[in-house]
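Q: I am new to this structure and would like a close look at one part of it, the part that you think best helps a newcomer to find the way around. Please explain how that part is put together and what lies around it.

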Amino acid sequence: MSPVPHPEICDQCFAITGTLETMTRESAIRQIHEVGGSYSETVNGATTVLVKGMKPGKKKLHAAILSNVQMVDEEEFLTLVGAPHTKRLPGLLRRRGEEIL
């Protein structure tokens, strides 16, 4: 079952920094679009939420702080988009954007 658009997310523009543990960046972007949000590769004047993964980039963090952009961690992001919360599996590897064991 696909997530249903959330009224509070429809006007939100997300950016992502760092590595996400439970999903690929492409999966996160798909989740954002499925609930009615938009995505930007950079933090800019339209960005309203920055999702912080592991080892976030200093440039995006700095831009978000200067622009007063809301920052959320991966767990908060999963709650916002209505995605299931899953733990990173031990030994999970990523290759070419795909998750494999």
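A: Two strands are said to pair if DSSP finds at least two bridges between them, and with that rule in hand the sheet around strand E1 can be followed step by step. What is shown is a predicted model, and the description below should be read with that in mind.

For orientation, the protein has four helices and six strands, and along the sequence these follow one another in the pattern α-β-α-β-β-α-β-α-β-β. Of its 101 residues, 35% count as buried. When contacts between residues at least 6 apart in sequence are considered, 64% of them join residues at least 24 apart.

The part to look at closely is an open sheet of four strands, whose order is E2-E1-E3-E4 and whose pairing is parallel. Strand E2 (38–39) and strand E4 (70–73) stand at the edges with a single partner strand each, so one side of each has no neighbour in the sheet. Strands of a sheet pair through backbone hydrogen bonds, and they may do so in parallel or antiparallel fashion. Within this sheet, E1 and strand E3 (residues 49–52) run parallel and are joined by four bridges, and a useful place to find this pairing by eye is Ile16, which stands opposite Val51 in E3. Helix H3 (residues 58–66) packs on the sheet, where it touches E1, E3 and E4, and its direction makes about 145° with that of E3.

The loops on either side of H3 each hold a residue with an unusual backbone angle. Most residues other than glycine have a negative phi. Lys55, found in the loop between E3 and H3, has a phi near 55°, which is positive although the residue is not a glycine. In the loop between H3 and E4, Asn68 likewise has a positive phi, of about 55°, without being a glycine. Lys55 counts as exposed because its relative accessibility is 77%, and Asn68 is exposed with a relative accessible area of 71%. Another loop comes close to Lys55 in space: Thr19, placed in the loop between E1 and H2, has its C-alpha atom 6.6 Å from that of Lys55, although the two residues are 36 apart along the chain. Thr19 is partly exposed, its relative accessible area being 43%.

From that loop the chain continues into helix H2 (residues 25–34), whose buried residues are Ala28, Ile29, Gln31 and Ile32. These residues cover an arc of only 155° around the axis, so they lie on the same side of H2. An α-helix has 3.6 residues a turn, so residues three or four places apart point the same way. The partners against which the buried residues of H2 pack are E1, E2 and H4, and just after H2 comes Gly36, with a positive phi of about 95°. His33 also belongs to helix H2, but at 47% relative accessibility this residue counts as partly exposed. Leaving aside residues up to four places away in sequence, His33 touches Ser38 and Tyr39, while its C-alpha atom is 9.0 Å from that of Cys10, a residue 23 places away along the chain.

The last feature to follow is again at E1, and it involves the one aromatic pair that the structure holds. Phe14 and Phe77 form this pair in an edge-to-face arrangement, with 6.0 Å from centre to centre and 75° between the planes. Because Phe14 lies in strand E1 (residues 13–17) and Phe77 in helix H4 (residues 74–81), the pair ties together parts that are 63 residues apart in sequence. Phe14 counts as buried because its relative accessibility is 1%, and Phe77 is buried too, with a relative accessible area of 0%.

Terms used:
Residues numbered from 1 in each chain as written. Predicted model: local features only at pLDDT ≥ 70, side-chain atom pairs only at ≥ 80, totals over all residues. Heavy atoms only, no water. Phe/Tyr/Trp six-rings, centres within 6.5 Å; stacked < 30°, edge-to-face > 60°. Helix = DSSP H or I, 4+ residues; strand = E, 2+ residues; numbered from the N terminus. Buried < 20%, exposed > 50% of the residue type's maximum accessible area, 1.4 Å probe, protein only. Contact = heavy atoms within 4.5 Å. Axes fitted to C-alpha atoms, helices over the stretch in contact; angles between N-to-C directions. Arc of directions from axis to C-beta.
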